[in-house]
Amino acid sequence: MNCLHCGAPVLINDVCSECGLKQEYLVKAWNTSLYYYNVGLEDAKIRDLTGAEKALKLSLRYYKANIDARNLLGLVYYETGQVIEALEEWVISSNYQSEENPALRYLKLLQGNQNKLSSFDQAAKKYNLTLHYVRQKDHDLALIQLKRVLSANPHFVKAYLILALIYIQDGNLDKARKALQRVLRIDKYNPMAQHYMAEMEKNGKQYSTGVPMDTDYGEEEFLLEDVEESEEEEELDGEETARRKIREIIERGAAADDINPEQNLEVGSYQEIKYGKHNVLYLTAGLVIGIVAMFFLVMPARIKSISSENLNLKASYSAELAGKNVTIANLQDNNEKLQTNIDSLTRQIEEMSVESSAGGVNDNIMTGFQAYMDGNKQEAITALGNVDLNSSELSEATRNCIQAIVNNSTEELNGCRSTGMTAYGAENYDEAIKQLQIFCNLKPEDAEARYNLAKAYENTGNIEAAHNLYQDINNRFPDSPYVTTSFQ
């Protein structure tokens, strides 16, 4: 035995091996679903479509895969004009059973007529618009929309109920009664229609003595079929014929021909809504008025708006262009200043070259100058770091040039100091001496750097160099915390 819920094998204790549900409960739910399906079927046979809808929903609540109940609920929805809900039920049914399912025939027939489907969709949208107009108490527009809705979907029970309410509020009790009679021909025991009829009978004098709204619907007034006493027997025959027809559809599973829009289940004889005799004339006049209004009302304002946008855009471009011109002028001025500095440095280098040819400047100075001219500041600092700025052998021009390079290479010098300090902390004294010597030669006023350089020399055994640095610190920075009075 397989589980009624998931299809997995059932264990000997009557519990599903996969989902763990007890089959006793599933069988009870299935039987309850069948019971309510039979109730819904009986209600549908006597055209109690509201009762059938409630019973079938209960059936699906107990067992949602009850294909017969779902298909019949779709037929009930379709008969009361709720086409979208009917399609939804049939689509769900076809997903549960994709073969030998009557819902497939219903879907194929409806989806094969796209124009009909589109008209049903438009009718649903117009019905929603009608509800909006009713809330706004705009009965004229509501009636116009209802005419279009019922023309596209003449079995739409909810639309007839709204129509009856509007007629009741307008004091047109006869038309309201006819609309409710239509509802009862489609859904014989519709509770809302019965309630409205009872209220009309109960308060008929109150409604009839009220002042009706002055509403003239003209030639486009919705025409309800007059109910004459002489036609009473004929109407009863039509109702009996409709009842037999829906019974045949339910018993045969609703063959495709029975749902054909051309042979749709008609309940009584209904006169379709007319849109009026002069629709083409009204449409043409509306188009002409729209075109004239566009040229005389819309286009001038649009042209003025575009002109204003163009002026604003032109002003913004002009402001942006002026700002860029100022930026260009500033850049050109800065470029001229930089070129002046370069020319000055070039002259100083040339002067030093002359001095070097006469017998004098260290190769490190020339190497540093050349590296700086090539844009390599790090190499320039490394080369110039071997030069002592306090040396008496340097000319004033050379010292000024080196000082200018030092002032423009602060980042590289700080890098040498940081690397030297880090190497000293890591007891890498050779690297500390190399980096700190460069820094101290070019920045002789840093007492801390000179003290660490002296300690590095002392730790490498170069006592003489350390002693010289300690003496220099004591002489130049007597108030600093790095003054040393004795050392080993």
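Helices and strands are taken here as DSSP runs, with at least four residues for a helix and at least two for a strand. On this basis the predicted model contains 20 helices and 0 strands. Of the 488 residues in the protein, 35% are buried. Among contacts between residues at least 6 apart in sequence, 54% join residues that are at least 24 apart.

The nonpolar interior was examined next. The largest nonpolar core comprises 54 residues. Within this core, the residues with the most contacts are Leu 56, Leu 87, Trp 90, Ala 159, Leu 161, Leu 163 and Leu 180. Helix H8 is the element that gives the most to the core, contributing 10 residues. For Ala 159, when neighbours within four places in sequence are left aside, the contacts are Tyr 127, Leu 146, Val 149 and Leu 150. A second core, separate from the one just described, is made up of 35 residues and includes Leu 345, Tyr 372, Val 387 and Ile 405.

The packing of H8 against H6 was then considered. Two packed helices are described by the angle between their axes and by the distance between those axes. Helix H6 spans residues 114-135 and helix H8 spans residues 157-170. Their axes come within 11 Å and cross at roughly 20°. Because angles under 35 degrees count as roughly parallel, H6 is classed as roughly parallel to H8. The crossing of the pair is left-handed. On the H6 side the contact is formed by Tyr 127, Thr 130, Leu 131 and Val 134, which meet Lys 158, Ala 159, Ile 162 and Ile 166 of H8. By residue class, the contact of H6 with H8 divides into 6 nonpolar, 1 polar and 1 charged. Ala 159 thus appears both in this helix contact and among the residues with the most contacts inside the largest core.

A further site was examined at Gln 437, which lies in helix H18, residues 429-442. The relative accessibility of Gln 437 is 23%, so this residue counts as partly exposed, given that the buried class ends at 20% and the exposed class begins over 50%. Not counting residues up to four places away in sequence, Gln 437 touches Gly 385, Ala 432, Leu 453 and Tyr 457. One of these partners, Leu 453, is 16 residues from Gln 437 in sequence, with a C-alpha to C-alpha separation of 7.0 Å in space.

Technical notes
Residues are numbered from 1 along each chain as its sequence is written. This is a predicted model: local features need pLDDT of at least 70, side-chain atom pairs count only at pLDDT 80 or more; totals for chains, interfaces and linings use all residues. Side-chain values use heavy atoms; hydrogens and water are left out. Axes are lines fitted to C-alpha atoms, for helices over the stretch in contact, and angles run from 0 to 180 degrees between N-to-C directions. Angles under 35 degrees count as roughly parallel, over 145 as roughly antiparallel, 65 to 115 as roughly perpendicular and the rest as oblique. A crossing is left-handed if the near helix is turned anticlockwise from the far one by less than a right angle, and right-handed if clockwise. Contact means heavy atoms within 4.5 Å. Ala, Val, Leu, Ile, Met, Phe, Trp, Tyr, Cys and Pro count as nonpolar, Asp, Glu, Lys and Arg as charged, and the others, Gly among them, as polar. A nonpolar core is a set of buried Ala, Val, Leu, Ile, Met, Phe, Trp, Tyr and Cys residues joined through side-chain atoms within 4.5 Å. Buried means under 20% relative accessible area, exposed over 50%, partly exposed in between (1.4 Å probe, protein chains only).
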